[in-house]
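Me: I am new to reading protein structures and would like to learn feature by feature. Could you walk me through this one?

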Amino acid sequence: MTRAIGVGLVAVLVLFLAPAVLAESAVEMREVVKLREVDIGLEGASISPDGEIVIAYGAESSIYRIESLTPENNSDLYWDGGEKLLDADFHPVGQTALIVGEGGVVLRYIRTNNSLESAGGEVYFGKTELRAISWNGDGSWAYIGGEMGWMWRARGIEGGGMEVYPIEGRGTSDINGISCLSGVNICVISTSVDGIGVIDADHELHWVGGTGYPWVDVVCPSGRGDACVSISSDRNIAIVSINPFDVSSTEVSIVQLQDIEGQFNGIEVQSDGR
């Protein structure tokens with residue numbers, strides 16, 4: 001989840017998929033493709049599992065579909081809404097993606113016909129600001145987190161609706177990031193105050209450390225075993241070492257970067273777990 005991209009420069013993310021960038025040498029930025037010449041209020045982007053399609057989202061329910069290797073091929077996916085969209089994630093199969101945001105909105109992107117539909121978000125989540133979403137390893141459930149610690153597991157049902165259940169043992173501060181391991185149904189959450197939590201295969205939430213830090217995002221790189229990384233706005237980095245056989249024994253190691261200024265607001269996987 002990457003916050004406040006702005007000015008339509010989501011194509012910068014897309015260029016990281018180019019073959020030249022995957023080499024071990026320094027990254028060379030070439031032509032940058034702008035979606036618009038003005039700030040369109042983008043909040044982030046999600047890449048399909050096959051790396052071919054990027055869905056960018058942001059203010060006033062704006063959604064853009066971008067071809068990753070030819071980002072000049074992009075289109076505005078119209079949705080009649082005014083909510084700010086805050087996070088999205090493709091299903092592991094790659095044919096659909098869920099997009100969440102303000103006012104309990106949940107939209108479903110359908111790749112086969114390049115369309116959007118409502119997943120009935122407000123019916124299940126009320127007006128809760130939904131801030132994070134991630135599908136678990138086998139795609140059986142998506143975890144959705146929001147303001148004030150609200151969190152659910154959800155999945156689509158026949159007819160376009162959703163099956164939704166709350167997660168017990170939640171905290172009270174905003175859930176800012178959710179990321180899931182590949183291959184196993186274990187996910188990690190990051191919160192504003194309550195710390196870092198791990199959700200096991202039985203949908204039980206275990207708080208494992210980092211209480212009091214303003215965690216803003218988390219990512220679980222593929223191909224890197226059972227380690228995830230969370231970051232805080234005040235430049236702390238947490239390595240979350242998960243025991244897949246007993247997630248309650250997960251260890252959290254925290255380091256603060258001292259020699260840089262500014263704030264962290266998002267973290268993304270580069271490629272191959274880097």
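Me: Let me start with strand 19. Which of the side chains along strand 19 point to one face and are buried?

Reply: First the general idea: in a regular strand the side chains alternate between the two faces of the sheet. Please keep in mind that this is a predicted model. Strand 19 covers residues 236–241, and here Asn236, Ala238 and Val240 share one face and are buried. Ile237, Ile239 and Ser241 point to the other face and are not buried.

Me: Which strands pair with strand 19, and in what sense?

Reply: Strands of a sheet pair through backbone hydrogen bonds, either parallel or antiparallel. In this model, strand 18 (residues 227–232) pairs with strand 19 in the antiparallel sense over five bridges. Strand 20 (residues 251–256) also pairs with strand 19, again antiparallel, over six bridges. You can find these pairings by looking at residues that face each other: Cys228 stands opposite Val240 in strand 19, and Asn236 stands opposite Gln256 in strand 20.

Me: What happens at the hairpin of strand 18 and strand 19?

Reply: Three residues lie between the two strands of that hairpin, and Arg235 takes a positive phi near 70°.

Me: Which strand is joined to strand 18 by four bridges?

Reply: That is strand 17, which runs antiparallel to strand 18. To locate the pairing, look for Trp215, which stands opposite Ser232 in strand 18. Strand 17 spans residues 215–219 and is mostly covered, with five of its five residues buried.

Me: Cys228 came up a moment ago. What does Cys228 form with Cys220?

Reply: The general idea is that a disulfide is a covalent bond between the sulfur atoms of two cysteines. Cys220 and Cys228 form one, with their sulfur atoms 2.1 Å apart. The angle about the S-S bond is 105°, and the link of Cys220 and Cys228 is right-handed.

Me: Are Cys220 and Cys228 buried or exposed?

Reply: Here a cut-off helps: buried means under 20% relative accessible area. Cys220 has 8% relative accessibility, so Cys220 counts as buried. Cys228 is buried too, because its relative accessible area is 0%.

Me: How many disulfides does a search of the whole structure find?

Reply: It finds two. Besides the link just described, a disulfide joins Cys180 to Cys187, with an S to S distance of 2.0 Å. The torsion about the S-S bond of Cys180 and Cys187 is about 100°, so this disulfide is right-handed. Cys180 is buried, with a relative accessible area of 10%, and Cys187 is buried at 0%. If you count the bonded cysteines along the chain, the disulfides follow the pattern 1-2, 3-4.

Me: Now another sheet. In what order do the four strands of the open sheet come?

Reply: The order is 1-2-3-4, and the pairing is antiparallel. Strand 1 (42–47) and strand 4 (74–76) stand at the edges with a single partner strand each, so one side of each has no neighbour in the sheet. From one strand to the next, the twist averages 20°. As an example of the pairing, strand 3 (residues 63–67) and strand 4 are antiparallel over three bridges. There, Arg65 stands opposite Ser75 in strand 4.

Me: Next, pockets. How many residues line the second largest pocket, and which lie nearest its centre?

Reply: Generally, rolling a probe the size of a water molecule over the atoms shows where empty space is left. The second largest pocket holds about 150 Å³ of space. Its lining has 14 residues, and Glu83, Val105, Val106, Ser118 and Glu122 lie nearest the centre. By class, the lining is made of five nonpolar, six polar and three charged residues.

Me: Which element supplies the largest share of the lining of the second largest pocket?

Reply: Helix 2 does, with three residues. Helix 2 (121–125) and strand 7 (106–110) each supply at least two residues of that lining.

Me: One last stop: where is Met151 found?

Reply: Met151 is in strand 11, which covers residues 151–156. Met151 is buried, with a relative accessible area of 1%. In sequence, Met151 and Leu130 are 21 residues apart, while in space they are 8.8 Å apart from C-alpha to C-alpha.

Terms used: Residues numbered from 1 in each chain as written. Predicted model: local features only at pLDDT ≥ 70, side-chain atom pairs only at ≥ 80, totals over all residues. Heavy atoms only, no water. Pairing = 2+ DSSP bridges. Axes fitted to C-alpha atoms, helices over the stretch in contact; angles between N-to-C directions. 1 Å grid on protein atoms, 1.4 Å probe; cavity = no way out; pocket = protein on both sides within 12 Å on 5 of 7 lines; lining within 4 Å. Points joined across faces, edges and corners; volume = space filled by probe spheres on them. Nonpolar A, V, L, I, M, F, W, Y, C, P; charged D, E, K, R; others polar. Disulfide = S-S within 2.5 Å. Buried < 20%, exposed > 50% of the residue type's maximum accessible area, 1.4 Å probe, protein only.
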